[in-house]
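Please open the model in your viewer and keep the sequence panel visible. The tour below proposes one selection after another and describes what is found at each stop.

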Amino acid sequence: MAVALSLGARGQGRCWPNPAVGCVLVQGGRVVGRGWTQPGGRPHAETQALARAGAAARGATAYVTLEPCAHQGRTPPCADALIAAGVARVVVALRDPDPRVDGGGIARLREAGITVEEGVMGREAQYQHGGFLLRVTEGRPWLTLKLASSFDGRIATGAGDSQWITGPEARRQVHADRARHDAVLVGAGTARDDDPSLTVRGLGIVPQPVRVVASRRLDLPETGALARTAKDIPLWLLHGADADADRVARWRARGAQCRSVRFGPDRQLDPLSCLQALGAAGLTRVFCEGGGSLAAALLSCDLVDELVGYTAGLAIGAEGRPSLGAMGISALADAPRFVLAETACIGGDVMHRWRRASLSGEGACAHSPTG
């Protein structure tokens with residue numbers, strides 16, 4: 001199952017709205033077929049593994065990271081494919097909560113006389129499939145918040161100089177983080193101040209993640225990197241109902257998709273509405289890179305599932321720009337807390353990954369001195 005989970009991870013960021021599933025077929029102690037969900041969501045992992053195994057699938061055990069589908073979509077049900085191939089046993093890490101499946105795939109396998117075992121490495125599968133599960137159960141994608149800062153938590157000097165706080169190795173790792181998500185999200189301030197492209201570079205990654213900017217008024221640079229590439233790389237803009245209609249029309253003409261979302265009590269874009277709009281469009285995993293106001297709003301609304309910090313060994317001081325905006329917290333008991341899952345040295349910087357307690361597991365975090 002660990003191998004199946006590793007295979008499934010290859011599809012992350014490439015197969016939305018489908019889950020990134022992995023499948024391994026074992027016959028006589030030997031792996032005879034491997035598969036993972038392909039770009040665009042099809043073919044599915046099970047059919048990939050069965051095709052590689054051929055006749056060796058008969059009597060084999062299939063290890064699958066998510067319950068095989070039982071409904072007819074663009075492809076036949078994977079449960080039926082496993083039955084037709086003659087597998088003898090199916091080991092499933094996690095049930096699929098999609099109402100079209102939700103135990104139906106397992107029931108179909110058992111009705112066909114196939115032995116089914118559930119829950120093997122279920123916690124690990126819950127983490128890996130977290131985005132798909134959240135989209136099905138809560139209508140929103142998994143949200144990873146990345147913060148790259150100085151030792152004292154600053155993202156720029158008081159004058160706005162921020163290039164570069166972390167080193168090239170950490171920045172390369174951030175590109176790898178982007179590639180494992182369906183979309184990269186920033187706020188309007190970051191889009192205006194940094195003129196980012198929000199693409200994955202230097203890794204040979206195709207296709208690119210969706211670029212998403214949350215901007216109430218759509219007051220974004222219309223000659224910047226995002227505008228210049230909107231026809232070539234997906235750009236989605238989340239805006240308020242009061243955004244200027246001419247601006248909306250101009251951005252659409254450039255190739256951007258514009259989605260209106262509701263306001264929160266502060267008359268800013270409601271963070272949950274933003275994520276629900278992305279979930280409704282099929283996104284399962286979103287990588288947020290700030291800025292400080294958007295990051296604080298997401299944390300305040302308890303919408304951050306994972307924190308990834310890159311900390312550099314320099315200090316900027318109180319006049320520097322903080323990595324987070326105001327959150328209105330007066331008591332520590334009210335502050336959102338996460339559980340440390342991993343640390344690593346990335347070049348001259350430190351990467352630390354934190355998760356919700358429900359996904360943290362029982363053991364201590366993993367440490368790597370070299371990254």
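Two strands are said to pair if DSSP finds at least two bridges between them. Please bear in mind throughout that this is a predicted model.

**First stop: a hairpin**

Select residues 22-27, which form strand E1, together with residues 30-36, which form strand E2; the two run antiparallel and are joined by six bridges. Within this pair, Cys-23 of the one strand faces Gly-35 in E2. Now select the turn of the hairpin: two residues lie between the strands, and Gly-28 takes a positive phi near 60°.

**Second stop: a core around Leu-25**

Which residues touch the most other members of the largest nonpolar core? Select Leu-25, Leu-82, Val-87, Val-90 and Leu-109, which hold that place in a core of 33 residues. Add residues 45-53 to the selection: this is helix H2, which gives the most to this core, with four residues.

Keep Leu-25 and display its surroundings. Leaving aside residues up to four places away in sequence, Leu-25 touches a group of residues including Val-32, Ala-49, Leu-50, Ala-53, Ala-62 and Val-87. A second, separate core has 28 residues, among them Leu-147, Leu-238, Leu-275 and Leu-278. In soluble globular proteins, nonpolar side chains tend to be buried together.

**Third stop: a β-α-β unit**

Select residues 89-92 (strand E4) and 115-118 (strand E5), which pair in the parallel sense over four bridges. Here Arg-89 stands opposite Thr-115 in E5. Add residues 104-111, helix H4, and the view shows a right-handed β-α-β unit made of E4, H4 and E5.

Remain in this region and select Arg-95 and Glu-118. Their side chains form a salt bridge, with 2.7 Å from N to O. Arg-95 belongs to the loop between E4 and H4 and Glu-118 to strand E5, so that distant parts of the chain, 23 residues apart, are linked. Are these residues buried or exposed? Arg-95 is partly exposed because its relative accessibility is 39%, and Glu-118 is likewise partly exposed, at 32%.

**Fourth stop: further salt bridges**

How many salt bridges does the structure contain? The count is 22. Side chains of opposite charge can pair when their charged atoms come close.

Select Arg-321 and Asp-193, whose closest N and O atoms are 3.9 Å apart in a salt bridge. Arg-321 is in strand E14 (residues 321-322) and Asp-193 in helix H8 (residues 188-194), 128 residues apart. Arg-321 is partly exposed at 35% relative accessible area, whereas Asp-193 counts as exposed at 57%.

Next, select Glu-306 and Arg-355, whose side chains meet in a salt bridge of 3.2 Å, N to O. Because Glu-306 lies in strand E13 (residues 306-311) and Arg-355 in strand E16 (residues 349-355), the pair ties together parts that are 49 residues apart in sequence. Both Glu-306 and Arg-355 are buried. Extend the selection to Asp-177, Arg-180, Glu-342 and Arg-353: salt bridges that share partners join these residues with Glu-306 and Arg-355 into one network.

**Fifth stop: helix H12**

Select residues 292-300, helix H12, where the buried residues are Gly-292, Leu-294, Ala-295, Ala-296, Leu-298 and Leu-299. Against what do the buried residues of H12 pack? Their partners are strand E6 (142-149), strand E8 (183-187), helix H11 (271-280), strand E12 (285-288) and E13. Just after H12, select Asp-302, which takes a positive phi of about 55°.

**Last stop: aromatic pairs**

The whole structure holds two aromatic pairs. Select Trp-16 and Trp-236: their ring centres are 6.1 Å apart and their planes stand at 85°, so the pair is edge-to-face. Trp-16 lies in the loop between helix H1 (2-9) and E1, and Trp-236 in strand E10 (residues 235-239), so the pair ties together parts that are 220 residues apart in sequence. Trp-16 is partly exposed, at 24%, while Trp-236 is buried, at 5%.

Finally, select Tyr-127 and Trp-142, an edge-to-face pair with 5.6 Å centre to centre and 75° between the planes. Tyr-127 lies in helix H5 (residues 122-128) and Trp-142 in strand E6, 15 residues apart in sequence. Tyr-127 counts as partly exposed at 22% relative accessibility, and Trp-142 is buried at 2%.

Key
Residues numbered from 1 in each chain as written. Predicted model: local features only at pLDDT ≥ 70, side-chain atom pairs only at ≥ 80, totals over all residues. Heavy atoms only, no water. Right-handed = clockwise from strand over helix to strand, strands pointing away. Salt bridge = Lys/Arg side-chain N within 4 Å of Asp/Glu carboxyl O. Buried < 20%, exposed > 50% of the residue type's maximum accessible area, 1.4 Å probe, protein only. Contact = heavy atoms within 4.5 Å. Core = buried A, V, L, I, M, F, W, Y, C linked by side-chain atoms within 4.5 Å. Phe/Tyr/Trp six-rings, centres within 6.5 Å; stacked < 30°, edge-to-face > 60°.
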